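Here are some notes on the model you asked me to look through. I have kept them to the cysteines, one strand with its neighbours, and the annotated domain.

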Amino acid sequence: MPALFQPLKLRSLELQHRGWVSPMCQYSCDPDDAPGVPNDWHLMHLGSFAAGGAALILTEAAAVTADGRISPRDAGIYTSEQAAAWERITSFVHRHGSAEAKIGVQLAHAGRKASTWWPFSGRHGSVPESDGGWATVGPSPLAFDGYAEPAAMSGEDIEGVIRDFAAAAVRAVDAGFDTIEIHGAHGYLLHQFQSPLINTRSDSWGGTEAGRNRLMLAVVDAVRAVIPDSMPLLLRISASDWAAGGVDLPASVRLAREAAEHGVDLVDVSSGGAVAHQQIKAGPGYQTGFSAAIRKEAGVATGTVGLLTSAGQAEHAIATGQADGVLIARAALRDPHWWLRAAFELGHDMAWPPQYERAVPRRSF
């Protein structure tokens, strides 16, 4: 059996194979009538991956509070209405997944990168309050390039965010999600606290590496405390800020090791997003080295993501021990049946949805 299609068990969650869907923001919620509420677009988007053979589907970033949304059109899980809409989607995935698909929600707070225009709005930067935007917060009053300056969070604000993550996790469990991923990457709030390029605090929430990591680990503790012990907890991190003086791989290994001690079962390894002057050296599999090092040195399961587009690349990453799972993003948008295609290309007999069985390839896809 190809390494990519070997099953994986995380706590009590049994995944049929190692090919998963990476979180991808859709910016498709109605900001006026149903802010933060996932809708038919999200059902179609995520459901297509279930029919296409993905073993684990991670939702886009779901904000844990209204001011934590990246844009006014982003999804949330801070109200009962949003949770009910997510439950409709989890039920669909569980009913129609061709690989007994499982689904996880990514809990997030955008911090200083909140209240921004969505990519296809034709505009850039922060959304003013007159257009539905809001004031943003962060560890320090340092703005991301071209965005509004955030207010530095007080200790009370920080404790409130920790409670927001925990409350969102409870809603996620009730909505039928199989796992939860905490978003600690890409320059959003938890990563902002972690990065010395952004967090200039001198109190217990900054000042040292331990202080900067404190919020990330506090959120892990809060979420772990309210979800079933049988449910795995994932953490996405940026292994490198790709900028001098920022987060680097050794620091990420230390964070991953400590996160595992706090109950994280898999670290979803990405990179970048903290600062505009980052210098990313991107290419096929450019982040697999980060994943491999964290997996080996921190002793925790990892997922890898980033310009992995072919079945052969994904198979190589798993077979060579660079990761325990491969998360597909843009390639999945181009082909929502990526996993069925990959199984065929790797010679693995994978069940198709019965509605599609007439199209199962015999000699070519």
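1. A disulfide is taken here as a pair of cysteine sulfur atoms within 2.5 Å. By that rule this predicted model contains 0 disulfides.

2. Why is Cys 25 in no such bond? The closest cysteine sulfur, which belongs to Cys 29, lies 9.8 Å from the sulfur of Cys 25, and this is too far for a bond. Cys 29 is likewise in no disulfide, its nearest cysteine sulfur being that of Cys 25. The surroundings of the two residues can be added to this: Cys 25 is partly exposed, with a relative accessible area of 25%, whereas Cys 29 is buried, at 1%.

3. Strand 12, residues 325-328, is covered on both faces, since Gly 325 and Leu 327 on one side are buried, as are Val 326 and Ile 328 on the other. In a regular strand the side chains alternate between the two faces of the sheet.

4. Which strands pair with strand 12? Strand 3 (residues 19-21) runs parallel to strand 12 and is joined to it by 3 bridges, with Val 21 having Ile 328 as its bridge partner. Strand 11 (residues 301-305) is also parallel to strand 12 and joined to it by 3 bridges, and here Thr 304 stands opposite Val 326. Between strand 11 and strand 12 the chain passes through helix 8 (residues 311-319), in a β-α-β crossover that is right-handed.

5. An unreviewed UniProt entry places the domain "NADH:flavin oxidoreductase/NADH oxidase N-terminal" at residues 4-343. In the model this span is 34% helix and 16% strand, and its end C-alpha atoms lie 9 Å apart.

Methods
Residues numbered from 1 in each chain as written. Predicted model: local features only at pLDDT ≥ 70, side-chain atom pairs only at ≥ 80, totals over all residues. Heavy atoms only, no water. UniProt positions renumbered as here; feature names shortened; annotations may be inferred. Helix = DSSP H or I, 4+ residues; strand = E, 2+ residues; numbered from the N terminus. Buried < 20%, exposed > 50% of the residue type's maximum accessible area, 1.4 Å probe, protein only. Pairing = 2+ DSSP bridges. Right-handed = clockwise from strand over helix to strand, strands pointing away.
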